Amino acid sequence: MSLKNDFLSGIIRENPVLVLMIGLCPALAVSNTALNGLGMGIAASFVLICSNIVIATVRKYVPDQIRIPIFIIIISTFVTITDYVMQAYNPALYKQLGVFVPLIVVNCIILGRAEAFAYKNSVLSSTLDGLGMGLGFALVITVIGAIRELIGNGTIFNKIVFGPDFQPALIMILPPGGFITIGILIAFLHYFQNKVKEK
Amino acid sequence: MDSTSLFGIFIAALLINNILLIRFIALCSFFGVSNQMETSIGMGMAVIFVMMMASAVSWCIYHYLLLPFDLVYLRTASFILTIAALVQLEEMYLKKYVPTLYRAMGIYLPLITTNCAVLAVAFLNIDYKYSFLQSMVYTFGVSAGYTLAIILFAGIRERVALAPVPKAMQGYPIAFFTASLMSLAFLGFKGLFGL
């Protein structure tokens, strides 16, 4: 039950972007298309899961006072790996994501989970936590990307959805569209939470 | 206007590619501390201060250490550690020698370590292949842009806090809508001075 809980909490109840309000920068900046969002989601999830596993493994040997620098070193190792792998195998995506790939290292989700979860829990639950949080992040960023791409360009994952008569609202793939989309998503979430509370 | 002239770099960083509203970097602190005017000003000043130091140091590290010794793959790790150490050092220095300044922005300094803008600027200086002087001007433009945006945003948020907002929209959603409108306004700077 508790293992299942570790996994599920990241997806909705403690969703990093919509509820905890962390990891906003990549969630908005690279979510102008669904594909970019998915790419960023996978890259960040990979770093999150790997760093959670390593930190949970070494946590007994890490002195309390210098844990943050050690976490950062571990995280930046995996970020560098992601950086180079993406550059080699998917240069187009790498070019789209740009500076946000190395910036995964300061993504508060990853350091936050290292500090709040992986440092205190077993390897197995940390892996599941990383998986759940990563999935929650990837899900939100892909959804935001899909909404923006659909309205701003009339496509999802580069497939045309609306016919040729559709007039795309360019504003949605520009920066203001990102703010508006996430604002509406959070407003919906609040609305449903209030409904549940009233019952 | 030439986009590589110092003034061009400054204006582009300050307004046209405003780091918060157009490039979406450092949003966590943007939404986190912009409730009040006073804290926003403190945060803005701290960001200018730290960012200038951090980009000077990281520029030197990259060009005098990583490039000559072929260690470019250590870029991410070395930059983030330098910045974290630098912030600690600055905090201790200010606490001891400039207590007034420390009181004004002390509590924001640790927050800045995880402020992605500082690291982002260090990377962007390298990516754009700026000279030292250019990167300093660029960094000043970026950090001034951050301060400008966060102070404007705090001013609006203080007013919005008093306005009747639908229940589901209270708090973050309305802040995002505000940011969206500001971002729209900043898009209008595109093409300023032909940049």
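B:Arg157 sits in helix H8 (residues 132–160) of chain B; helices (H or I, at least four residues) and strands (E, at least two) are DSSP runs, numbered from the N terminus. B:Arg157 is buried, at a relative accessible area of 15%, where buried means under 20%, exposed over 50% and partly exposed in between (1.4 Å probe, protein chains only). This is a predicted model, in which local features need pLDDT of at least 70 and side-chain atom pairs count only at pLDDT 80 or more, while totals for chains, interfaces and linings use all residues. Residues are numbered from 1 along each chain as its sequence is written, chains are lettered from A and ligands numbered from 1 in the order in which they are written, and side-chain values use heavy atoms, with hydrogens and water left out.

**Around B:Arg157 and helix H1 of chain B**

- Skipping neighbours within four places in sequence, B:Arg157 is in contact (heavy atoms within 4.5 Å) with B:Phe31, B:Ser34, B:Asn35 and B:Ala175.
- From B:Arg157 to B:Ala179 it's 22 residues in sequence and 9.7 Å in space, C-alpha to C-alpha.
- Helix H1 (residues 6–16) of chain B is mostly covered, with eight of its eleven residues buried.
- Those buried H1(B) residues are B:Gly8, B:Ile9, B:Ile11, B:Ala12, B:Ala13, B:Leu14, B:Leu15 and B:Ile16.
- H8 and H9 of chain B are among what covers the buried residues of H1(B).

**The largest nonpolar core**

- A nonpolar core here is a set of buried Ala, Val, Leu, Ile, Met, Phe, Trp, Tyr and Cys residues joined through side-chain atoms within 4.5 Å.
- The largest one has 106 residues, and the members touching the most other members are A:Leu103, B:Leu20, B:Ile25, B:Leu27 and B:Phe31.
- Helix H7 (residues 116–127) of chain B puts in the largest share of this core, ten residues.
- Take B:Ile25: leaving out neighbours within four places in sequence, its contacts in chain A are A:Cys25, A:Val99, A:Phe100 and A:Leu103.
- In chain B, B:Ile25 is in contact with B:Ile19, B:Leu20, B:Cys116, B:Ala117 and B:Ala120, with the same sequence neighbours left out.

**The largest pocket**

- On a 1 Å grid over the protein atoms alone, a pocket is an open set of points with protein on both sides within 12 Å along at least five of seven lines, a cavity is a set where a 1.4 Å probe fits but cannot get out, and lining residues have an atom within 4 Å of a point.
- The largest pocket has a volume of about 560 Å³; grid points are joined across faces, edges and corners, and a volume is the space filled by probe spheres set on the points.
- Of its 25 lining residues, A:Ala29, A:Asn32, A:Phe100, B:Ile22 and B:Arg23 are the closest to the centre.
- Two or more lining residues come from each of these elements: helix H5 (91–97) of chain A, plus H7 and helix H9 (172–187) of chain B.
- H5(A) gives the largest share of this lining, three residues.
- The lining splits into 15 nonpolar, five polar and five charged residues, counting Ala, Val, Leu, Ile, Met, Phe, Trp, Tyr, Cys and Pro as nonpolar, Asp, Glu, Lys and Arg as charged, and the others, Gly among them, as polar.

**Closed cavities**

- There are three cavities of 30 Å³ or more.
- The largest cavity holds about 80 Å³ of space, and its lining has ten nonpolar, two polar and no charged residues.
- Residues from both chains line that largest cavity, including A:Phe100, A:Leu103, A:Asn107, B:Cys28 and B:Cys116.
- The second largest cavity has a volume of about 40 Å³.
- Its lining includes A:Ala44, A:Leu48, A:Asn107, A:Met133 and A:Phe137, and helix H3 (34–58), helix H6 (108–118) and helix H7 (123–153) of chain A each give two or more residues to it.
- By class, that second lining is six nonpolar, three polar and no charged.

**Chain A overall**

- Chain A has eight helices and two strands, running α-α-α-α-α-α-α-β-β-α along the sequence.
- Its radius of gyration is 18 Å, which agrees with the value near 16 Å for a compact globule of 199 residues; the radius is taken over C-alpha atoms, and the globule rule is 2.2 Å times the number of residues to the power 0.38.
- The C-alpha atoms of chain A fill a box of roughly 60 × 50 × 25 Å along the principal axes.
- Of the 199 residues in chain A, 51% are buried.
- A:Asn90, in the loop between helix H4 (67–89) and H5 of chain A, is partly exposed at a relative accessible area of 35%.
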